[in-house]
Every structure is written in C-alpha cells, then in structure tokens.
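The exercises below are meant to be worked with the sequence and the coordinates side by side. Please attempt each task before reading the solution that follows.

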Amino acid sequence: LPKQKIAAMVLIAPAPDFTERLMWNTYSDKVKQEILQNGVYYEPSEYSDMPYEITRTLIDDGRKHLVLDAPYECPCPVHILHGLKDPDVPLQHAMELSHVLQGKVSFSIIKDGDHRLSRPQDIAQMIAAVKAIA
C-alpha cells in the first residue's frame, strides 16, 4: 500500500506518557512494589466491574516511547478536545502536549465534559472539529 499523508488529527483527552506520568509517578510505593515483584497490579476501574491489569511490561514499554520531554514537529494540524470533568487525564497534561507539539495546534475545552466525551453534544463538537480542521 502507498504511504498516506495524515491530513490532520483530532485528539480526545490525549494522554501521552500516561504510563509514567499519570500512573507510575502517582502510585504508592506499595503498588509499585506489587508491579515490580508480581508483574501486575489490578487497578479498580470506574468504567467496569473488571479491574485494569497494569503490568510491568506496560510500564516498561511506555518508558520506551515517552514524547513529552522534547518538542515534536507535527506535520499536520492538531485539534485537542478535553473535558474539564475528566477524572482520568488532567487538563494540564493535555495542555502540556499542546506546548510540545510544534505546528498548528488548537484546543477546545468542554466545561461539563468527562473523559469519554460521549454525549450527543460532545460528539457534535468532535464532528465540528474534524470538519474545521480537515
């Protein structure tokens, strides 16, 4: 298949480097020891009865792909959508990404939006962002 150029990106509650910054750096020493010794920690989920399996492999792999420590020349426009009521990805984290990306970056804050941005009005805002950036 021929390589296709990415025309634009619309990111929803982006969380690059989340395994390091939003998980590992916030875990207690007890949780870190459980991951290091047992290879897995079962983190309760707000979205399911089943916990998340946080493995040492996930943490180690995430460390190989960190992107927030240096500017990144983005070859296409980027629009970030973020809900202020997002309990999983702090607004500041998404804002940090917008500063790392070099190029055309725009940002929409949805005051009453959560992490999933799945309400009809959220979906409409996503569609509008795609149409505006394309």
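## Exercise 1: the surroundings of Asp122

Leaving aside neighbours within four places in sequence, Asp122 is in contact (heavy atoms within 4.5 Å) with Ile110 and Leu117. The model is a predicted one, in which local features need pLDDT of at least 70 and side-chain atom pairs count only at pLDDT 80 or more, while totals for chains, interfaces and linings use all residues. Residues are numbered from 1 along each chain as its sequence is written, and side-chain values use heavy atoms, with hydrogens and water left out.

**Task.** Place Asp122 in its element, and decide whether Asp122 is buried or exposed.

**Solution.** Begin with the element: Asp122 is found in helix H5, residues 120-133, where helices (H or I, at least four residues) and strands (E, at least two) are DSSP runs numbered from the N terminus. Next, take the accessibility, for which buried means under 20% relative accessible area, exposed over 50%, and partly exposed in between, with a 1.4 Å probe and protein chains only. Asp122 counts as buried because its relative accessibility is 1%. Finally, turn to its contact partner Leu117, which is found in the loop between strand E7 (105-110) and H5 and is itself buried, with a relative accessible area of 1%.

## Exercise 2: positive phi outside glycine

**Task.** State what is notable about the phi of Leu117, and then describe Ala13 in terms of its phi, its place in the chain and its burial.

**Solution.** The phi of Leu117 is near 45°, a positive value in a residue other than glycine. Ala13, although it is not a glycine, has a positive phi of about 45°. The loop that holds Ala13 runs between E1 and H1, and Ala13 is buried, with a relative accessible area of 7%.

## Exercise 3: the nonpolar cores

**Task.** Which residues form the largest nonpolar core, and which element gives the most to this core?

**Solution.** A nonpolar core is a set of buried Ala, Val, Leu, Ile, Met, Phe, Trp, Tyr and Cys residues joined through side-chain atoms within 4.5 Å. By that criterion the largest core has nine residues, namely Leu68, Cys74, Cys76, Val78, Ile80, Ala94, Leu97, Val100 and Leu101. Two or more of these residues come from each of strand E5 (78-83) and helix H4 (91-100), and H4 gives the most, with three residues. A second, separate core has eight residues, among them Met23, Val31, Ile35 and Ile59.

Two members of the largest core can then be followed outwards. Val78, in strand E5, is buried with a relative accessible area of 1%, and, its neighbours within four places in sequence set aside, is in contact with Met9, Leu11, Leu101, Lys104, Val105, Ser106 and Ile133. The C-alpha atoms of Val78 and Ser98 are separated by 8.7 Å, although the two residues are 20 residues apart along the chain. Ala94, for its part, touches Pro14, Ile80, His82 and Phe107, not counting residues up to four places away in sequence.

## Exercise 4: two pockets

**Task.** Describe the largest and the second largest pocket by the space in each and by the character of their linings.

**Solution.** Rolling a probe the size of a water molecule over the atoms shows where empty space is left. On a 1 Å grid over the protein atoms alone, a pocket is an open set of points where a 1.4 Å probe fits, with protein on both sides within 12 Å along at least five of seven lines, and lining residues have an atom within 4 Å of a point.

The largest pocket holds about 400 Å³ of space. Its lining comprises 16 residues, of which Phe18, Met23, Glu43, Tyr52 and Asp88 lie nearest its centre. Helix H1 (18-23) and strand E3 (52-55) each supply at least two lining residues, and H1 gives the most, with three. By character, the lining divides into ten nonpolar, three polar and three charged residues, where Ala, Val, Leu, Ile, Met, Phe, Trp, Tyr, Cys and Pro count as nonpolar, Asp, Glu, Lys and Arg as charged, and the others, Gly among them, as polar.

The second largest pocket holds about 150 Å³ and is lined by Met9, Leu11, Val67, Ala70, Tyr72, Cys74, Leu97, Val100 and Leu101. Strand E1 (9-12) and H4 each give two or more residues to this lining, which divides into nine nonpolar, no polar and no charged residues.

Methods. Grid points are joined across faces, edges and corners, and a volume is the space filled by probe spheres set on the points.
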